[in-house]
There are 2 protein chains.
Amino acid sequence: MRHSGKLCFASVRLILCALLLAAFAAAQSDPLPSWNDGPAKQAIFNFVRATTDQGSANYVPPEERFATFDQDGTTWVEHPMYTEMIFAFERIKELAPQHPEWKTSEPFKSIIAGDQAAMSKFTGKEFGEIFVVTHTGMSTEAFQNIAKDWLSKARDERWHRPYTDLIYQPMLETMRYLRANGYQTYIVTGGGQDFVRSYAEPVYGIARQQIIGSAVETQYTYNQEGQGILVRPAKGLLNNNFAGKPEDIYLFIGRHPKAAFGNSTGDQQMLEYTQAGGGSNLEMIVLHDDAQREYAYGPAHGLPSTDIGTFTQALYDEAKSKGWIVISMKNDWKRIFAWEK
Amino acid sequence: MRHSGKLCFASVRLILCALLLAAFAAAQSDPLPSWNDGPAKQAIFNFVRATTDQGSANYVPPEERFATFDQDGTTWVEHPMYTEMIFAFERIKELAPQHPEWKTSEPFKSIIAGDQAAMSKFTGKEFGEIFVVTHTGMSTEAFQNIAKDWLSKARDERWHRPYTDLIYQPMLETMRYLRANGYQTYIVTGGGQDFVRSYAEPVYGIARQQIIGSAVETQYTYNQEGQGILVRPAKGLLNNNFAGKPEDIYLFIGRHPKAAFGNSTGDQQMLEYTQAGGGSNLEMIVLHDDAQREYAYGPAHGLPSTDIGTFTQALYDEAKSKGWIVISMKNDWKRIFAWEK
């Protein structure tokens, strides 16, 4: 033992010193450099201090530290259309040669023709049909590969970048900062759980088991080699929007989150449920008020109305009355995307 | 920086030495002391080595290390009856004074009278009624408190101990050993998710978000103070048995487990799905063949038949043909409970 002890001291000195220097440097630098100084940034710092300082009245033990993030409009761009919807439309074009009947039947006909006006008027039933042919009928593995493959090739129309480049850098920094302080970060999205799982680990640093999304049932069956596999029938299981968010958070986590981030009426209940957990808690809601660098829509605060990521005046008023932090993209975010100059 | 560096060296020397000594001691001692030497114990060691040694052909990166454990009959005693069923029966007796009508209506009448013969013949529909009145109609918080309270007071009939004392020590050691090697351990049980969540953290060292169980829907609503709460309507969401186990594992984890532990036909699909993930994998199945120290039932291997934790001969044959390890409680486990002499 003596010998190994000596070896240890000889070799760990340098490593330790390097670690200490790194820790000291990190403590000096700003963990949220893409945020402008102001009440939003300060609220994040205050929340972390209040819940992780052992002397704090609202100290939260590590096993109860959970933070939940909506995705579309909260951690990445959702305009002019949800990325997963673009995926579905492009998937239909890709599958069209195998379905000659689509040329004459809606909603497929309009998608294949690229008829934006017709597409903007699709009904819920038509979106359902699009979802069924693009998201179901294959194994779980096959679907994840289809999604991964599309994301590696697809580019958005405005910036001509992979969709996974359209992540908000301030939110990535917030996730990392929370994780560095013992928080488990979850994506809680109305989008498809498996679509998000296909890229979340490299993009957000969030593991598959920490993605809560809308989900179809899966069905256990056997492949030709007799191995157990799961396929995706056209049957919904979780609709992870509105009240579905706290319901599914409870199903997956079994606790109130301590912090929640959203941007639309679909996140209202998640933020309410987070606040209902008591103690120190943090609710933040992104207002898209920067047409220059991203998009501007509400209709809260006099911004243009939208069906995609609606932020009503009523939600804005609830936020103000309950002490939730409204994040102004324009004023609170110094940098929106990692690749900005 | 120099100053803090010096301070560091002065103070960390002792800590480091203590850590090294502890690590050395741990490496020398057996992490599975309640297992007898033999192929079952060896299979666990081989699996961990094959999946965590970076030079191994079947090395598994830490983010893919998941191990799933059935509960009833695999990690704790399930005879003469599932603990959660005993909870439900005793809960009905507790609620009986508020329900005078139960005295004359089944299945409540037989439970209140303690009529074992009648109770053993309850139909699925009757169990459903018992479940509804004992598990639903309250908030999620209220249910967890009811379960926690009952578990703190209830004692089993054979050993006169809290039910949470009836955990199998070899399985606790296996969980700890897997966790020490980077595995995330999950309970995957046909029992109620929230019942298990009410004690899993102190008993298994497994956090709420790692409990996958049968679940009712929850419904988001508001309490009198206007706070968001979840209540439990009488509506099933997940039946986490048989094919439901791999389906729900995928819903929660999004991956094949690398190791799975069960004891009955209800675990067959979970073990198959684990094996179908390929690479090095471990499937273990507990055979209750020790009437002396615990219970003996099968009917595999000529043991008596049972409706609770049925282990058929077909499952036994599948295990043998697929290389799953059948754990003989009698031969493989040196000690079954922590409190044994």
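This passage describes strands, a pocket, aromatic contacts and backbone features in a predicted model.

In chain B, strand β1 spans residues 66-69 and is covered on both of its faces. B:Phe66 and B:Thr68 lie on one side of this strand, B:Ala67 and B:Phe69 lie on the other, and all of these residues are buried. Strand β1 of chain B pairs with strand β2, residues 184-192 of chain B, in the parallel sense, and four bridges connect them. Within this pairing, B:Phe66 has B:Gln184 of β2 as its bridge partner. Strand β1 of chain B is also joined to strand β7, residues 259-262 of chain B, by three bridges, and these two strands run parallel. Here B:Thr68, one of the buried residues of β1, stands opposite B:Ala260 in β7.

In chain A, attention turns to strand β3, which covers residues 211-216. Six of its six residues are buried, so the strand is largely enclosed by the rest of the structure. Strand β3 of chain A pairs with strand β2, residues 184-192 of chain A, through three bridges in the parallel sense. A:Ile212 in β3 is the bridge partner of A:Val188. Strand β3 of chain A is further joined to strand β6, residues 236-238 of chain A, by two bridges, and this pair runs antiparallel. In that pairing, A:Val216 is matched with A:Gly236 of β6. Strand β3 of chain A thus takes part in a parallel pairing with β2 and in an antiparallel pairing with β6.

The second largest pocket holds about 1,200 Å³ of space. Its lining consists of 50 residues, and those nearest its centre are B:Gly190, B:Gly191, B:Gly192, B:Ser214 and B:Asn241. Elements of both chains contribute to this lining. From chain A, β6 and α11 (244-252) each supply at least two residues. From chain B, the elements that each supply at least two residues are α3 (83-95), α6 (124-135), β2, α9 (193-197), β3 (211-216) and β6 (236-238). Helix α6 of chain B gives the most to the lining, with six residues. By residue class, the lining of the second largest pocket comprises 17 nonpolar, 21 polar and twelve charged residues.

Aromatic contacts were counted over all chains, and the total comes to 45 aromatic pairs. In one pair, the ring centres of A:Phe89 and A:Phe122 lie 6.2 Å apart and the ring planes meet at 75°, so the arrangement is edge-to-face. This pair links distant parts of the chain, with the two positions 33 residues apart in numbering: A:Phe89 belongs to helix α3 (residues 83-95) of chain A, whereas A:Phe122 lies in the loop between α5 (116-119) and α6 (124-135) of chain A. A:Phe89 counts as buried because its relative accessibility is 6%, and A:Phe122 is likewise buried, with a relative accessible area of 10%. In chain B, B:Trp102 and B:Phe108 form a stacked aromatic pair, with 4.5 Å from centre to centre and 10° between the planes. Both B:Trp102 and B:Phe108 are buried.

An aromatic cluster in chain A is formed by A:Trp35, A:Trp159, A:Tyr168, A:Tyr295, A:Trp333, A:Phe337 and A:Trp339. A:Tyr295, a member of this cluster, also has the charged end of A:Arg158 over its ring, 4.8 Å from the ring centre. A further contact of this kind brings the two chains together: B:Arg197 lies over the face of A:Tyr250, at 5.5 Å from the ring centre.

Several backbone features were also identified. In chain A, A:Gly298 and A:Pro299 are joined by a cis peptide bond with omega of about 20°, and A:Pro299 is found in the loop between β9 (296-297) and α13 (313-322) of chain A. The loop between β9 and α13 of chain A also contains A:His301, a residue other than glycine with a positive phi, near 65°. In chain B, a cis peptide bond joins B:Gly298 and B:Pro299, with omega of about 15°; B:Pro299 lies in the loop between β9 (296-297) and α13 (313-322) of chain B. Positive phi is also found at B:His160, where the value is near 55°. B:His160 is placed in the loop between α7 (140-153) and α8 (169-180) of chain B. Its relative accessible area is 59%, so B:His160 is exposed.

Note on methods
Residues are numbered from 1 along each chain as its sequence is written. Chains are lettered from A and ligands numbered from 1 in the order in which they are written. This is a predicted model: local features need pLDDT of at least 70, side-chain atom pairs count only at pLDDT 80 or more; totals for chains, interfaces and linings use all residues. Side-chain values use heavy atoms; hydrogens and water are left out. Buried means under 20% relative accessible area, exposed over 50%, partly exposed in between (1.4 Å probe, protein chains only). Two strands pair if DSSP finds at least two bridges between them. On a 1 Å grid over the protein atoms alone, a cavity is a set of points where a 1.4 Å probe fits but cannot get out, and a pocket is an open set with protein on both sides within 12 Å along at least five of seven lines; lining residues have an atom within 4 Å of a point. Grid points are joined across faces, edges and corners, and a volume is the space filled by probe spheres set on the points. Ala, Val, Leu, Ile, Met, Phe, Trp, Tyr, Cys and Pro count as nonpolar, Asp, Glu, Lys and Arg as charged, and the others, Gly among them, as polar. Rings of Phe, Tyr and Trp (its six-membered ring) pair if their centres lie within 6.5 Å; planes under 30 degrees apart count as stacked, over 60 as edge-to-face and the rest as tilted. A charge sits over a ring if NZ of Lys or CZ of Arg is within 6 Å of the ring centre and within 35 degrees of the ring normal.
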